[in-house]
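User: Please take me through one part of this structure in close detail. I am in my first year, so keep the steps short.

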Amino acid sequence: MMQRKERDYRKWKRSNAPYLIAVALAFVMFMVVAPEVNEGKAMSPAIDDGDVLVVSKSSYNPNRKPPEIDSIVIMEKTYAPDVSEDNIIARVAAVPGDTVQIKNGKVLVNGEEYVTENGIEGAPEDMKKVKLKNDEVFLLCDNREELTDSRNPDMGPVDMREIKGNVLIRVWPFSGFGSVK
């Protein structure tokens, strides 16, 4: 009797394994990561219009570690509807406690020029010095001609709790598959 139950269980397990795996993957996909299609040129040249990205669902708050400098994050469009009609994708330029200023075409974080890992620097318009609170980050788009970031007065420094996640990889187009720098 015991052998028959064990045999039936193994048979059930073998026949249902693909479904169990699919359910587990779907759970991971919707709970841990999500797809995102970039619309617009705000993050060009790092991310182009139409690129499909995989975003980790990371949440931040003042009691947790803030996002890393140069990481690319995403926020829901509802955070700043006057700034963008789509989700906002931008690069973290400064974290809580930092001071940010744009002067003479240079982005200064704590008095030092901010240049991304891939060499993007500067901004076209000056901005007064801003000291970030313990729950704020300063976001900049790579295409500094676009104002869909913290330089826009309708958005300003961003509360870390509004960050929906981090961009992990680009999956489309295949020619650009991999991490985004």
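The part to look at is strand E11 and what surrounds it.

Analyst: Start with a caution: this is a predicted model.

Let us begin with the strand itself. E11 covers residues 163–172. Follow its pairings in turn.

Take strand E2, residues 52–56. E2 and E11 pair in the antiparallel sense, over 5 bridges. One place to find on the screen is Val-52, which stands opposite Trp-172 in E11.

Next comes strand E3, made of residues 72–75. E3 and E11 also run antiparallel, and 3 bridges join them. Look for Met-75 here: its bridge partner in E11 is Ile-163.

Then there is strand E12, residues 178–179. E11 and E12 are antiparallel, with 2 bridges between them. Arg-170 has Gly-178 of E12 as its bridge partner. A hairpin of 5 residues links E11 to E12.

Now look at the loop between E11 and E12, where Pro-173 lies. The peptide bond joining Trp-172 and Pro-173 is cis, with omega at about 5°. Most peptide bonds are trans, so a cis bond deserves a second look. Trp-172 is thus a useful landmark: it stands opposite Val-52, and it shares the cis bond with Pro-173.

There is another cis bond to find. It joins Ser-44 and Pro-45, and its omega is about 15°. Pro-45 sits in the loop between strand E1 (33–37) and E2.

Move outward from E3. Strand E4 spans residues 88–94. E3 and E4 run antiparallel and are joined by 4 bridges. Ile-72 has Arg-91 of E4 as its bridge partner.

E4 pairs onward as well. 3 bridges join E4 to E9, and these two strands are antiparallel. Strand E9 holds residues 136–140. Arg-91 appears again here, with Leu-140 in E9 as its bridge partner. So how enclosed is E4? 7 of its 7 residues are buried, so E4 is largely enclosed by the rest of the structure.

Before leaving E3, check the loop between E2 and E3. Asp-70 lies there. Its phi is near 80°, a positive value in a residue other than glycine. Most residues other than glycine have a negative phi. Is Asp-70 buried or exposed? Its relative accessibility is 13%, so Asp-70 counts as buried; the cut-off for buried is under 20%.

Now turn to the packing. The largest nonpolar core has 25 residues. Within it, Ile-47, Ile-89, Val-137 and Leu-139 touch the most other members. E2, E3, E4, E9 and E11 each supply at least two residues of this core. The strands you have just traced come together again here.

Ile-47 is a good residue to select. What does it touch? Leaving aside residues up to four places away in sequence, Ile-47 touches Asn-38, Leu-53, Ile-72, Ile-89, Arg-170 and Val-180. Two of these names are familiar. Ile-72 is the bridge partner of Arg-91, and Arg-170 is the bridge partner of Gly-178.

There is also a second, separate core of 12 residues. Its members include Val-100, Val-109, Ala-123 and Leu-132.

For contrast, look at another sheet. This open sheet has 4 strands in the order E7-E6-E5-E8, with antiparallel pairing. E7 (112–113) and E8 (127–131) stand at the edges with a single partner strand each, so one side of each has no neighbour in the sheet. E6, residues 106–109, pairs with E7 in the antiparallel sense over 2 bridges. Leu-108 stands opposite Glu-113 in E7.

The loop between E6 and E7 holds Asn-110. Phi of Asn-110 is near 55°, again a positive value in a residue other than glycine. Asn-110 is partly exposed, with a relative accessible area of 43%.

Finish at the surface. Phe-27, Val-28, Met-29, Phe-30, Met-31 and Val-32 make a nonpolar patch of about 630 Å². Val-28 belongs to helix H1, residues 2–31. Val-28 counts as partly exposed, at 39% relative accessibility.

Methods
Residues numbered from 1 in each chain as written. Predicted model: local features only at pLDDT ≥ 70, side-chain atom pairs only at ≥ 80, totals over all residues. Heavy atoms only, no water. Pairing = 2+ DSSP bridges. Patch = residues over 30% accessible without salt bridge, like charges linked within 9 Å, V, L, I, M, F, W, Y side chains within 5 Å. Areas by Shrake-Rupley, 256 points an atom, 1.4 Å probe, with all protein chains shown as cover. Salt bridge = Lys/Arg side-chain N within 4 Å of Asp/Glu carboxyl O. Buried < 20%, exposed > 50% of the residue type's maximum accessible area, 1.4 Å probe, protein only. Core = buried A, V, L, I, M, F, W, Y, C linked by side-chain atoms within 4.5 Å. Contact = heavy atoms within 4.5 Å.
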